[in-house]
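Work through these exercises with the model open beside you. Try each task before you read its solution.

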Amino acid sequence: MIPAAFDYHAPTSLDEALSLLAAHGDEAKVLAGGQSLIPMMRFRLAEPGVLVDLNHIEGMAGVTEEDGHLWIGALTRHAEVERSDLVRKRYPLLHEAASVIADPIVRNRGTVAGSLVHADPAGDWGAVMLACGAELEVHGPDGQRMVPIDELFVTTFMTSLSPGDIVTGIKLPIAGKRSGGAYEKLERKVGDFATVAVAARLELDDDGVCSAAGIGLTAVGATNLRAQDAEKALIGKKPDEAAIDAASRAAAEAASPTADNRGSVEYKRDMVRVLSARALRRAAAHAGGEG
Ligand SMILES: Cc1cc2nc3c(=O)[nH]c(=O)nc-3n(C[C@H](O)[C@H](O)[C@H](O)COP(=O)(O)OP(=O)(O)OC[C@H]3O[C@@H](n4cnc5c(N)ncnc54)[C@H](O)[C@@H]3O)c2cc1C
């Protein structure tokens with residue numbers, strides 16, 4: 001199917017893009033990589049009358065460490081995260097997740113921010129950003145604000161952002177001296193959306209005790225989920241097998257999967273336990289803990 005008719009705008013500045021969104025209200029949609037929006041338009045699941053293409057605005061892409069945090073510009077493609085040396089060396093969770101999103105064609109076009117705003121519970125970045133405690137920098141009609149990732153997802157394909165908002169970047173805590181992360185994704189075949197996936201991030205203190213933990217779940221609820229009880233099970237403990245087992249069981253409890261052609265509720269819940277344990281062991285090993 002071809003999409004319904006729409007007007008196309010290619011602003012060259014953020015202000016121009018914001019003005020276009022303000023002028024067209026609910027009728028307008030932002031276009032980034034188009035890897036989710038265009039298929040939705042082709043299936044007529046989305047019929048925006050106006051598209052505001054962000055791709056001609058300079059300075060909105062890139063992955064950098066600055067002012068004590070990691071910054072991912074909103075137009076950064078999945079492939080740019082995957083290929084970044086900085087990410088590979090210091091943020092293994094991000095590197096691993098970027099490498100298993102879709103296929104190289106989608107990774108070359110799709111953006112991290114577009115994936116978050118699309119709010120697909122089977123999207124990989126949502127779980128990663130929940131595990132990392134990321135914040136989104138958002139510009140809207142009332143100026144700039146930061147939106148914590150915990151406040152972004154409302155339900156499937158719905159966020160707390162307004163139609164006039166543009167995400168300009170994502171801010172993550174900088175990797176500590178002893179931090180580690182891992183992404184475990186179960187997929188039916190390479191390039192598929194997750195049957196289940198788990199993002200894990202750990203920070204250890206000088207004694208090898210967990211000072212911070214983040215666990216995000218993919219494809220087991222109406223949104224990506226944060227397994228907070230599982231995180232609590234790790235704080236103040238060394239990430240040994242007993243602690244990892246307790247946290248993995250708590251992560252499985254936090255999952256709320258539905259049965260489909262990828263598996264039953266019981267299977268998916270148990271895979272959350274299994275993948276959480278694997279991700280936590282590898283995150284601990286990266287951080288120089290037991291794992
Ligand atoms: C074949 C295929 C396989 C895929 N497999 C996976 C997978 O395994 N894992 C996975 O996570 N994803 C997968 N995806 C989705 C892919 O990652 C998309 O790139 C991503 O979900 C959307 O990013 P985008 O830049 O293409 O956004 P677009 O499609 O351009 O936009 C998506 C939504 O976000 C909004 N938006 C985009 N950018 C902004 C912004 N800066 N500010 C405000 N709103 C914005 C748009 O208005 C739209 O509502 C797959 C897609 C395809 C086509």
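**Exercise 1. Place Leu-172 in the fold, and decide whether it is buried or exposed.**

Step 1. Find the element. In this predicted model, Leu-172 belongs to strand E10, which covers residues 166-173.

Step 2. Check the cover. The cut-off for buried is under 20% relative accessible area. Leu-172 has 3%, so Leu-172 counts as buried.

Step 3. List the contacts. Skip the neighbours within four places in sequence. Leu-172 then touches His-69, Leu-70, Ile-72, Leu-94, Met-129, Cys-132 and Ala-134.

Step 4. Look along the chain. Glu-135 is 37 residues apart from Leu-172, yet their C-alpha atoms are separated by 6.6 Å.

**Exercise 2. Find how much of helix H5 is covered.**

Step 1. Mark the helix. H5 runs over residues 92-99.

Step 2. Count. Seven of its eight residues are buried, so the helix is mostly covered.

Step 3. Name them. The buried residues are Pro-92, Leu-93, Leu-94, His-95, Glu-96, Ala-97 and Ala-98.

Step 4. Link back. Leu-94, one of the buried residues of H5, is also among the contacts of Leu-172.

**Exercise 3. Count the disulfides, and check Cys-132 and Cys-210.**

Step 1. Recall the bond. A disulfide joins the sulfur atoms of two cysteines covalently.

Step 2. Search. The whole structure holds zero disulfides.

Step 3. Take Cys-132. Its nearest cysteine sulfur is that of Cys-210, 15 Å away. The cut-off is within 2.5 Å, so Cys-132 is in no disulfide.

Step 4. Take Cys-210. Its nearest cysteine sulfur is that of Cys-132, at 15 Å, and Cys-210 is in no disulfide either.

Step 5. Check the cover. Cys-132 counts as buried at 5% relative accessibility. Cys-210 is buried too, with a relative accessible area of 3%.

**Exercise 4. Describe the whole protein: does its radius of gyration agree or disagree with that of a compact globule?**

Step 1. Count elements. The protein has 11 helices and 14 strands.

Step 2. Compare radii. A compact globule of 291 residues would have a radius of gyration near 19 Å. The protein has 19 Å, so the two agree.

Step 3. Read the spans. Along the principal axes, the C-alpha trace covers about 55 × 45 × 30 Å.

Step 4. Look inside. Of the 291 residues, 52% count as buried.

Step 5. Sort the contacts. Take those between residues at least 6 apart in sequence. Of these, 64% join residues at least 24 apart.

Step 6. Count charges. There are 30 positive and 41 negative side chains. The centres of the two sets lie 6 Å apart.

Key:
Residues numbered from 1 in each chain as written. Predicted model: local features only at pLDDT ≥ 70, side-chain atom pairs only at ≥ 80, totals over all residues. Heavy atoms only, no water. Buried < 20%, exposed > 50% of the residue type's maximum accessible area, 1.4 Å probe, protein only. Helix = DSSP H or I, 4+ residues; strand = E, 2+ residues; numbered from the N terminus. Rg over C-alpha atoms; globule rule 2.2 N^0.38 Å. Contact = heavy atoms within 4.5 Å. Lys, Arg positive; Asp, Glu negative; His and termini not counted. Charge placed at Lys NZ, Arg CZ, Asp CG, Glu CD.
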